[in-house]
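Visitor: I should like a close look at one part of this model, namely its second largest pocket. Please describe what lines the second largest pocket, and then set it against the rest of the chain.

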Amino acid sequence: PRAVAFILNVGWIVVGLQLAKRHKSEVIAILTAFAGYLVPFLVEGHEEAATLFIVYETCFYTLLLLFAVKQGYKRLFYTASILWHVVVIFYVATLLWDRDNTDKVMLSAAFGAVMQHILIGYFGFKGKFQKIKVLPLVFTSFVITTLWAFEGFQFDLSYDELKTLTPFQVHVKTAILLDLYLLVSAGGYGFLAYKGLKKQGHQQTAVGLAISTLSAALLVYQLVDDDTLEAIIYLIIGTLAIYLGYRFKTTLQKCTGWVVYAIGTFITIADQKIREILSIETLCWLVLIGSLYALYRLVTLHHATDKVLRNFMLGINALTHLIFLSSITSVITRNWSISMQMMTLSFAWALYAAAGVVFGVVKGKKNIRLVGIILLLLTLCKIVLVDLKFVTIIVRTILFIGLGTIGLLVSRLFYVKK
């Protein structure tokens with residue numbers, strides 16, 4: 001009978017753990033872990049009880065975790081944690097080819113992964129393993145658990161159901177569990193970070209902030225359908241996350257913040273084309289410009305001696321301003337002739353560059369002055385290499401006179417300053 005075979009196999013596992021304890025052998029414990037994870041595969045009919053399979057594997061993992069903590073077996077801890085995912089992935093893969101109720105199987109696996117993550121976080125933050133680095137362990141566990149959650153906490157609906165439900169009802173029926181998971185993760189790890197600050201636990205604060213930031217970003221991805229609004233929120237979350245990373249001196253938080261911010265920046269530049277001056281796309285670009293300036297000040301404050309990084313951030317700011325200025329100029333002149341459009345854009349670039357030079361000279365900012373000079377040269381190259389092929393003689397004359405006048409005024413400013 002299957003029950004008798006299962007009990008006998010479990011008995012061998014208990015014997016193996018007892019031998020590992022008696023002989024103080026971590027190798028025997030690891031071999032027992034391999035055997036224990038494979039027990040359900042040896043029992044006939046395991047394909048028909050997916051939920052019981054996940055329950056067994058999770059309970060067995062809990063047993064191994066408790067044994068590893070009590071005996072101080074770090075390698076057993078890592079091996080058991082990795083094997084749980086390997087075995088469950090293999091089991092789920094075999095069932096997906098033969099069964100139609102994949103939602104139920106993936107749901108059980110996702111709940112099992114969440115339970116494993118909770119156990120890892122509990123024992124990690126409790127300091128049961130002195131030689132284990134909690135920050136990478138818990139963060140990696142969360143990332144893997146979230147992958148399971150995205151697969152298991154979302155469900156498919158039939159075509160008939162989709163036709164009769166509103167978009168909000170569809171989201172509730174298909175993804176409410178995933179939303180709750182991300183919401184609880186964001187709030188829970190935010191609270192853990194706060195508690196870590198209170199008791200000066202740097203690792204707890206670092207991992208709490210990073211996971212809370214990542215959860216919040218994923219929750220925005222789940223709930224916000226509008227790309228522009230999504231980009232704005234990503235830019236704000238990313239900026240705040242980077243600030244918190246510098247504030248509490250945690251590299252993982254800074255990296256997480258930069259990743260979120262980069263996603264918001266990419267969406268803005270690649271997808272948010274300005275078609276009207278007063279529009280949400282313009283607001284998105286203004287948020288990008290404002291946040292980049294805030295990050296430039298933050299980098300300047302914390303990396304005062306790193307000129308390369310500060311100049312890089314300044315260049316990124318200037319380039320973003322130039323793209324935004326070009327977009328606004330294009331909207332204003334879209335009904336004008338090609339010659340007038342190109343002339344206006346060149347003048348806008350030249351005036352922006354001149355403003356940078358003037359600001360750099362007046363404030364004594366050599367790097368800003370240098371960026372302004374580079375932009376003036378870039379404008380000249382645009383006029384010579386691009387504009388001259390399309391604009392009329394009159395427009396060419398105006399361009400060169402205007403650019404020459406700006407150059408004379410800038411050189412005069414240098415002379416007066418000296």
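Guide: By class, 13 nonpolar, 5 polar and 3 charged residues form the lining of the second largest pocket in this predicted model. That lining comprises 21 residues in total, and the space within the second largest pocket amounts to about 490 Å³. Nearest to its centre lie H117, I118, G188, Y189 and L192. Two helices, α5 (102–125) and α8 (167–198), each contribute at least two residues to this lining. Of these, α8 provides the largest share, with 9 residues.

The largest pocket may be described in the same terms. Its volume is about 580 Å³. The lining of the largest pocket consists of 22 residues, and those closest to the centre are Y296, L314, F359, N367 and I368. Here at least two residues come from each of α12 (280–302), α13 (307–332), α14 (338–363) and α15 (366–385). The largest share, 7 residues, belongs to α13. By class, the lining of the largest pocket holds 11 nonpolar, 7 polar and 4 charged residues. As to how such spaces are located, rolling a probe the size of a water molecule over the atoms shows where empty space is left.

Helix α13 also contains S326. This serine has a relative accessible area of 19%, and S326 therefore counts as buried, the limit being under 20%. Once neighbours within four places in sequence are left aside, the contacts of S326 are with L345 and W349. A general point about helices may be added: an α-helix has 3.6 residues a turn, so residues three or four places apart point the same way.

Another helix, α9, can be examined for its length and its cover. It runs over residues 202–223, and at 1.5 Å a residue its 22 residues should span 32 Å; the C-alpha atoms at its ends are 31 Å apart, which agrees with that expectation. Helix α9 is mostly covered, with 16 of its 22 residues buried.

Two lysines in loops deserve attention for their backbone angles. As background, most residues other than glycine have a negative phi. K24, which is not a glycine, has a positive phi of about 50 degrees. This residue is placed in the loop between α1 (2–22) and α2 (26–42). With a relative accessible area of 69%, K24 is exposed, because the limit for that class is over 50%. K249 likewise is a residue other than glycine with a positive phi, near 55 degrees. The loop that holds K249 joins α10 (227–247) and α11 (251–271). K249 is exposed as well, at a relative accessible area of 70%.

Finally, the chain as a whole provides the setting for these parts. Its secondary structure comprises 16 helices and 0 strands. The chain has 418 residues, of which 45% are buried. Contacts between residues at least 6 apart in sequence join, in 68% of cases, residues at least 24 apart. The chain exposes about 23,300 Å², and carbon and sulfur atoms account for 69% of that area. To return to the part requested, the second largest pocket has a lining in which α8 supplies the largest share, and H117, I118, G188, Y189 and L192 are the residues nearest its centre.

Technical notes: Residues numbered from 1 in each chain as written. Predicted model: local features only at pLDDT ≥ 70, side-chain atom pairs only at ≥ 80, totals over all residues. Heavy atoms only, no water. 1 Å grid on protein atoms, 1.4 Å probe; cavity = no way out; pocket = protein on both sides within 12 Å on 5 of 7 lines; lining within 4 Å. Points joined across faces, edges and corners; volume = space filled by probe spheres on them. Helix = DSSP H or I, 4+ residues; strand = E, 2+ residues; numbered from the N terminus. Nonpolar A, V, L, I, M, F, W, Y, C, P; charged D, E, K, R; others polar. Expected span 1.5 Å × (residues − 1). Buried < 20%, exposed > 50% of the residue type's maximum accessible area, 1.4 Å probe, protein only. Contact = heavy atoms within 4.5 Å. Areas by Shrake-Rupley, 256 points an atom, 1.4 Å probe, with all protein chains shown as cover.
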